[in-house]
Amino acid sequence: MTAIVFLVLLAVAVGQCDALLQAARQGFLKHYNVRLRSALPLAAYRGGFSIFPGWTDDEQAGNASVPAALTAAPTTLAAEARTMVGRGIPRRARLSMENPQIRAHADLLEYQQTTVAASVGLSADRIAYRFKYSQNGFSASLTPLQARRLRRHAAVAAVQESREVQRLTTDSPTFLGMGSSGSLWSSNGGQSKAGDGMVIAVVDTGIWPEHPSFSDSGFSSTKPAGWTGKCDTTTDFKCNNKVIGARAMYAGFTENNGAPDLSADWLSPRDSQGHGTWCAGASAGNKDVSMAGGKASGMAPAARLAIYKVFWTKASGRNTASTTDVMAAIDQAVADGADVISLSLGTMDPTATYFDDVPLLYANLAGVFVAFAAGNSGSPKGTNFDTYRQIANFAPFYLTVGASSILRDGAVLPKADNLSSSAILSTYPMASAAPEIASFSSAGPLCRPWTDASSAQATNSILKPDVVGPGVKLYAAAPGKTVGETGTYSQKSGTSMATPHLAGIGALILQKYPTWSPAQVMSAIMTTAVTSNTDDSNIKDVDGNTATPWEMGQGHVYPPKVLDPGLTYDARAAYYMNFLAGQSLKQAKLEFPNARLVRMPPRNLNRASISVSRLKGTLTVSRLVTNVAGSESTYKVKIKAPKGVSVTVSPKKFTIAAGQRLKYVVTLTVKTPSKDFQFGSLTWKDGDGHSVRSVLAIQPVAT
């Protein structure tokens with residue numbers, strides 16, 4: 001503090017007060033994201049002024065009022081405006097600012113944010129971002145004292161210092177069977193209609209809008225119903241009827257690093273790095289764009305794109321992003337009406353927890369499907385918890401995507417006769433049998449420098465990654481050198497590359513089934529994934545060993561089956577909130593102060609895979625399935641027990657009507673203890689070709 005005072009006095013003396021004050025401020029202040037615990041964000045709002053109004057018991061209802069100190073909202077609602085904004089209403093309509101309830105609740109959130117900020121001497125003009133959709137909070141530069149006071153504030157759930165984010169740097173459509181009979185493309189009106197009406201948000205380095213993959217030829221000027229996104233038009237950038245939204249988000253970057261280096265970048269959504277352009281092309285690049293060696297097509301070529309540029313170049317030349325800008329982009333994407341968010345980035349922070357991803361939980365509850373890269377830190381040898389491991393993005397609210405290689409000779413996944421992606425296969429040699437798990441693809445178990453064994457046990461009862469997809473030596477769209485050039489194509493590898501493939505596939509599922517929840521989309525992708533490669537042998541890792549679920553999750557995505565999974569595992573608010581309560585009841589109460597929380601063991605979170613760390617004796621796991629096949633079916637279970645574990649399922653057989661939900665219970669008993677995880681599966685099969693597979697990842701230990 002003495003040094004700062006000295007600098008200020010010196011500045012006044014030499015007439016350079018402004019410059020030195022700014023230097024002192026940057027050394028003294030840090031940028032934080034502040035999440036409030038008072039009222040729900042708009043993504044989970046269901047009407048009225050109560051905390052969880054309009055939610056059914058299944059959605060974890062609660063009726064307590066907003067804390068008295070924060071109830072004075074500047075806007076009131078007329079009685080006729082009190083219409084329900086819950087399930088059954090299209091998501092974009094439910095979140096529209098044309099709804100007077102939504103406007104009033106947004107005013108309430110802003111009032112609360114301003115009130116909390118003012119309580120520590122922070123004026124409204126010092127707030128960099130206001131979050132209203134995926135969280136109720138704000139970001140701002142704070143002194144250490146302000147940060148401490150906010151952490152103790154009764155209306156604050158979390159105060160998180162902004163962190164640096166990294167990028168997690170084809171003929172994938174043919175390989176994936178996108179064009180086969182009954183495939184994702186044909187079931188959505190053919191390749192030219194695949195993704196029509198969907199909006200995929202790409203949070204990345206921006207986009208090169210002149211590229212042929214993003215031409216708006218053939219696209220209507222009418223935007224998808226309810227879309228409210230905007231374009232940050234500049235002298236060097238403009239949107240079109242394909243790229244219907246684009247934002248340049250740099251407030252968090254600037255607070256941490258100063259202004260971006262515009263000698264190496266544009267202060268617009270234009271991409272100087274190529275990473276975002278590649279990902280946009282892979283997820284939703286136009287169909288049959290000519291390039292050397294063939295034609296390129298995105299997974300959902302008829303989908304529109306919304307671009308949120310969060311990566312910027314420092315004076316040092318390093319291109320990076322801030323968690324503040326990433327969270328602002330997610331919040332804006334939900335507000336704008338995106339159906340899918342593609343995130344090929346991560347912090348690789350060993351202190352990260354599930355609670356850091358609460359904004360993505362609310363995006364999930366808003367109906368937005370999120371595909372998130374697993375990370376590029378490679379696969380560990382063995383499963384010892386003492387070995388530090390890191391999967392970049394590991395929460396159950398989104399699909400975590402690992403990477404695989406694919407063949408360049410036109411081979412396809414087993415039983416698929418024609419696949420395709422927005423990239424053309426590399427001309428470089430690839431695996432003799434594909435897919436093969438990429439050497440860089442992050443794998444579990446998710447080990448950390450835990451303070452106690454129970455933390456590791458709880459975390460590893462969520463299997464990650466969820467699936468793998470194409471991500472090695474693939475070609476897709478790349479920027480030009482100067483504004484106005486059409487751009488080129490580039491080859492890239494990474495879980496960054498696999499992720500937009502799954503984002504596009506998610507968009508196609510939502511196009512076909514717009515009422516499905518993100519959990520059901522994830523379930524359909526996971527239960528239909530395959531574990532065999534093109535020569536019908538087991539998928540291998542780079543060392544030639546059979547890949548384990550810690551490396552590939554449920555397996556490799558298999559698009560020809562995702563639209564007809566038979567059964568899905570759905571999860572709503574109650575599941576996720578109670579899951580978080582099982583991690584930390586204290587923090588969950590801060591995040592969801594009026595929810596009726598029950599500490600749920602993570603093994604009982606209703607998702608496709610079943611993972612249990614440090615199983616002792618006998619344990620039961622429950623699951624709830626929903627029949628989405630459209631007709632009554634009778635299912636029987638087939639069990640492949642993990643080594644050293646006895647597995648029984650009750651019931652072993654059931655008949656389930658269309659739309660019905662049914663619970664089953666799995667009993668696991670240790671037969672032979674082991675220090676390692678052992679793997680198996682349980683699969684529900686009916687007489688109509690449905691095969692609903694769940695991985696079993698169990699670590700049986702001695703009592």
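Two strands are taken to pair if DSSP finds at least two bridges between them, and strands themselves (E, at least two residues), like helices (H or I, at least four residues), are DSSP runs numbered from the N terminus. The structure is a predicted model, in which local features need pLDDT of at least 70 and side-chain atom pairs count only at pLDDT 80 or more, while totals for chains, interfaces and linings use all residues. Residues are numbered from 1 along each chain as its sequence is written, and side-chain values use heavy atoms, with hydrogens and water left out.

By the pairing criterion, strand S24 (residues 633-640) and S26 are joined by four bridges and run antiparallel, with Lys 636 standing opposite Lys 653 in S26. Both strands belong to an open sheet of five strands, whose order is S22-S29-S28-S24-S26 and whose pairing is mixed. Strand S22 (610-615) and strand S26 (653-656) each have a single partner strand and stand at the edges, so one side of each is left without a neighbour in the sheet. From one strand to the next, the twist averages 20°, where axes are lines fitted to C-alpha atoms (for helices over the stretch in contact) and angles run from 0 to 180 degrees between N-to-C directions. Within edge strand S22 lies Arg 614, which has a positive phi of about 55° although it is not a glycine. Arg 614 counts as partly exposed because its relative accessibility is 31%; here buried means under 20% relative accessible area, exposed over 50%, and partly exposed in between (1.4 Å probe, protein chains only). The loop between strand S25 (645-650) and S26 holds Pro 651, which a cis peptide bond with omega of about 0° joins to Ser 650.

Strands of this sheet also contribute to the largest pocket, which contains about 1100 Å³ of space. On a 1 Å grid over the protein atoms alone, a pocket is an open set of points with protein on both sides within 12 Å along at least five of seven lines, a cavity is a set of points where a 1.4 Å probe fits but cannot get out, and lining residues have an atom within 4 Å of a point. Grid points are joined across faces, edges and corners, and a volume is the space filled by probe spheres set on the points. The pocket is lined by 36 residues, of which Ala 529, Val 530, Thr 531, Ser 532 and Arg 693 lie nearest its centre. At least two lining residues come from each of helix H15 (549-552), S24, strand S28 (678-685) and strand S29 (691-700), and the largest share, five residues, is that of S28.

A further open sheet consists of four strands in the order S11-S12-S5-S14, with antiparallel pairing. Its edge strands, S11 (312-313) and S14 (345-346), each pair on one side only. Strand S5 (residues 164-167) is paired with S14 in the antiparallel sense over two bridges, and Arg 167 stands opposite Leu 345 in S14. Helix H10 (residues 323-336) packs on the sheet by touching S5, strand S12 (319-322) and S14, and its direction makes about 65° with that of S12; contact here means heavy atoms within 4.5 Å.

The largest cavity has a volume of about 340 Å³, and of the 26 residues that line it, Arg 163, Thr 323, Thr 347, Asp 356 and Asp 357 are the closest to its centre. Helix H10 gives the most to this lining, with four residues.

In the largest nonpolar core, which has 158 residues, Ile 341, Ile 505, Ile 525 and Trp 684 touch the most other members; such a core is a set of buried Ala, Val, Leu, Ile, Met, Phe, Trp, Tyr and Cys residues joined through side-chain atoms within 4.5 Å. Helix H13 (residues 495-512) provides the largest share of this core, nine residues. A second, separate core of 16 residues includes Leu 142, Leu 150, Ala 155 and Val 159.

Two helices are mostly covered: in H17 (residues 573-583), 10 of 11 residues are buried, and in H9 (residues 275-284), 10 of 10. The buried residues of H17 pack against helix H11 (358-365), helix H14 (518-527), helix H18 (585-591) and strand S23 (618-627), whereas the cover of the buried residues of H9 includes S5 and H13.
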